[in-house]
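Reader: I have a new structure open and don't know where to start. Can you walk me through it?

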Amino acid sequence: MKITIKLTLIMVAVLMAACEDPISVDLNTAAPRLVVEASLDWQKGTSGNEQTIKLSTSTPYFDTEIVNDVIGATVSVTNTSTQQIVVFQDQNNGLYTTTSFEPILNDTYNLEIGYNNETYSATEVLTPVSEIVEVTQSLEGGFDDEILDVNIFFMDPVDQENYYLIRFIEDGDLFPILETESDQFSNGNLMDEFFEKDGDSGTQEEAFEVGDEIAISLYGISERYFDYIDLLIEQYDSGGDPFSTTPSRVKGNCLNRTNPKNYAFGYFRVTEVDEVIYTIQE
């Protein structure tokens, strides 16, 4: 009887192995679009004159061999109040740089890109931001009272609509944590945001330990950018959730003036940012 059972199991295993054939699925591939990574961030306490814009093209999802850097484009940013035009120099690797950008709070800036005989443009206001007044750590206030969290505090200006992007990243981690905040229900008050990180074997990230360094950035952003990045964060966080809504294509503010249907991916933002480095204490 035992021999018969063993033989039966072996036959089943052989048949199952013989039925394993690779399945090739042909996927529709969209034409490549221009991808604009244009974040002009003026860090408090610096001149802000050095800025970089990255241009690339979209690629098929499963293709990891294509070099998609955009070379040979023309890139400039104009202050619409002073009419100063800053030309970004092509570094022949997808990066366009300048050392002569002049940040002026609340001024409007216009980005213009010439690529493949088409002109792209976007407009943003350089949005100010409050200083980070305090950083603390605790086991209270987060989602799990057994996991250490880091809190930042900043004062929201009175009688203004303000929107914020907060970026947390621990030294050694691959990806930052992004959070958005508005002062809709806390205008003019002391605001706080916390960063809590549990160990994750999938990403090889570990919970906070004494001596860990966390870089924290607080950006002042426009309402339109708030809506854009908030939706991206929501779609990223809900990835793999069977009950989440179907992801939608998120359009930035980079418009194609020559051919509107061939719009670009990405966003042009101009912000002031306050940055601190916090070390986990005992």
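Author: Start with the sheet. This is a predicted model, and in it 12 strands form an open sheet with mixed pairing. The order across the sheet is S11-S10-S13-S15-S1-S2-S5-S4-S3-S6-S7-S14.

Reader: Which strands are at the edges?

Author: Strand S11, residues 177-182, and strand S14, residues 255-256. Each of them pairs on one side only.

Reader: Pick a pair for me. In what sense do S10 and S13 pair?

Author: Antiparallel, over 8 bridges. Strand S10 covers residues 163-170 and strand S13 covers residues 213-221. To find your place there, look for isoleucine 169, which stands opposite alanine 215 in S13.

Reader: OK, new topic. How many residues are in the largest nonpolar core?

Author: That core has 26 residues. Leu55, Ile113 and Phe268 are the members that touch the most other members.

Reader: Which elements give two or more residues to this core?

Author: Strands S1 (34-43), S2 (51-57), S3 (74-79), S4 (85-90), S6 (108-115), S7 (118-125) and S15 (265-279). S1 gives the most, with 5 residues.

Reader: And is there another core, and where should I look for it?

Author: Another core lies apart from that one and has 17 residues. Val129, Met191, Ile216 and Leu218 are among them.

Reader: Back to Ile113. What does isoleucine 113 touch?

Author: Leaving out residues up to four places away in sequence, isoleucine 113 touches Leu34, Val36, Leu55, Ala73, Thr74, Val75, Glu118, Thr119 and Tyr120.

Reader: What about charges? How many salt bridges are in the whole structure?

Author: A search of the whole structure finds 3. In one of them, the side chains of arginine 269 and aspartate 41 meet at 2.9 Å, N to O. Arginine 269 is in strand S15 and aspartate 41 is in strand S1, so the pair links parts of the chain that are 228 residues apart.

Reader: Is arginine 269 buried or exposed?

Author: Buried, because its relative accessibility is 8%, and the cut-off for buried is under 20%. The charged end of arginine 269 also sits over the ring of tyrosine 219, 4.6 Å from its centre.

Reader: Which residue forms a salt bridge with lysine 44?

Author: Glutamate 272, with the closest N and O atoms 3.2 Å apart. Glutamate 272 lies in strand S15 and lysine 44 in the loop between S1 and S2, so this pair ties together parts that are 228 residues apart in sequence.

Reader: How do those two stand for accessibility?

Author: Glutamate 272 is buried, with a relative accessible area of 6%. Lysine 44 counts as partly exposed at 24%.

Reader: Where are the partners of the salt bridge between aspartate 69 and lysine 54?

Author: Aspartate 69 lies in the loop between S2 and S3, and lysine 54 is in strand S2. They are 15 residues apart in sequence, and their closest N and O atoms are 3.5 Å apart. Aspartate 69 is partly exposed at 32% relative accessible area, and lysine 54 is partly exposed at 25%.

Reader: Switching to rings. How many aromatic pairs does the structure hold?

Author: It holds 9. One of them joins tyrosine 163 and phenylalanine 226, with ring centres 5.1 Å apart.

Reader: Why is that pair called tilted?

Author: Because the planes of the two rings are at 50 degrees, and tilted covers what is neither under 30 degrees nor over 60. Tyrosine 163 is in strand S10 and phenylalanine 226 is in helix H2, residues 223-237, and they are 63 residues apart. Both are buried.

Reader: What kind of pair do tyrosine 263 and phenylalanine 265 form?

Author: An edge-to-face pair, 6.1 Å centre to centre with 75 degrees between the planes. Tyrosine 263 is buried at 11% relative accessible area, while phenylalanine 265 is partly exposed at 25%. Tyrosine 263 has another neighbour to look at: arginine 33 lies over its face, at 4.0 Å from the ring centre.

Reader: Which residues form an aromatic cluster?

Author: Phe168, Phe195 and Phe208 form one.

Reader: Last one. Where is glutamate 234?

Author: In helix H2. Glutamate 234 counts as partly exposed at 47% relative accessibility. Its C-alpha atom is 9.9 Å from that of glutamate 179, which is 55 residues away along the chain.

Notes. Residues are numbered from 1 along each chain as its sequence is written. This is a predicted model: local features need pLDDT of at least 70, side-chain atom pairs count only at pLDDT 80 or more; totals for chains, interfaces and linings use all residues. Side-chain values use heavy atoms; hydrogens and water are left out. Two strands pair if DSSP finds at least two bridges between them. Helices (H or I, at least four residues) and strands (E, at least two) are DSSP runs, numbered from the N terminus. A nonpolar core is a set of buried Ala, Val, Leu, Ile, Met, Phe, Trp, Tyr and Cys residues joined through side-chain atoms within 4.5 Å. Buried means under 20% relative accessible area, exposed over 50%, partly exposed in between (1.4 Å probe, protein chains only). Contact means heavy atoms within 4.5 Å. A salt bridge is a side-chain nitrogen of Lys or Arg within 4 Å of a carboxyl oxygen of Asp or Glu. Rings of Phe, Tyr and Trp (its six-membered ring) pair if their centres lie within 6.5 Å; planes under 30 degrees apart count as stacked, over 60 as edge-to-face and the rest as tilted. A charge sits over a ring if NZ of Lys or CZ of Arg is within 6 Å of the ring centre and within 35 degrees of the ring normal.
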